[in-house]
Amino acid sequence: MQENFSIEETKAFNVGICAIFVFAVLFFFMAFSGHDYKHIDENFYHVNATFGRTDGLLVGDKVRMAGVDIGRVVGAKLDDNYNAILKLEIKSGLNIPDDSSASIVSSGLMGNKYIEIEPGGSLDFIPDNGEFGYTQDAMVLEELLDRIVAMGKNKTKQTNDMEENNE
């Protein structure tokens, strides 16, 4: 009876060691793998976009226009004013008007972030290695909820003040 218990313990220990090893390998792979996105073919051009905050947007995330994938984020760095400069890869042949805007949005309430491009009406286009003139930063869910709560508190206070004045 004691031997069966010992064999079961040994099996459990071996499974635990294997699980730890697998998690360690995955952790080191994710921690030390570069986040540079490499494109296979050369049918693209680059455009830069500067944002104050990019919360949750990563190198490799999608760039979309009208909900259609047109590229990817291929680089990110900080400028001297601590703004994020993102390098976007856009499919060749897709000319983006130079008065277009780039916004960081999410797909759904808790979905992945991506860059949505709203095309402008200009007849001039953003050249290769050009830059968006208009950008909109990522909205953080907590900030949005704080704003809604503050508006509700303000509305309640106004209602209470009006009731006191009517009495």
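This briefing covers the nonpolar core, the pairing of strand 2 and a surface patch. The structure is a predicted model, in which local features need pLDDT of at least 70, side-chain atom pairs count only at pLDDT 80 or more, and totals for chains, interfaces and linings use all residues. Residues are numbered from 1 along each chain as its sequence is written, and side-chain values use heavy atoms, with hydrogens and water left out.

**Nonpolar core**

- The largest nonpolar core (buried Ala, Val, Leu, Ile, Met, Phe, Trp, Tyr and Cys residues joined through side-chain atoms within 4.5 Å; buried means under 20% relative accessible area, with a 1.4 Å probe and protein chains only) has 20 residues, and those touching the most other members include Val-63, Leu-88 and Ile-117.
- Strand 1 (44-51) is among the elements that give two or more residues to this core, and its four residues are the largest share; strands are DSSP E runs of at least two residues, numbered from the N terminus.

**Strand 2 and its partners**

- Strand 2 pairs with strand 3 in the antiparallel sense over four bridges, where pairing requires that DSSP finds at least two bridges between the strands, and Met-65 stands opposite Val-68 in strand 3.
- These two strands form a hairpin with two residues between them, and Ala-66 in the turn has a positive phi of about 55°.
- Strand 2 and strand 6 run parallel and are joined by three bridges, with Arg-64 opposite Glu-116 in strand 6.

**Partly exposed helix residue**

- Val-25 is found in helix 1 (residues 2-32), and Val-25 counts as partly exposed because its relative accessibility is 43%, between the limits of 20% and 50%.
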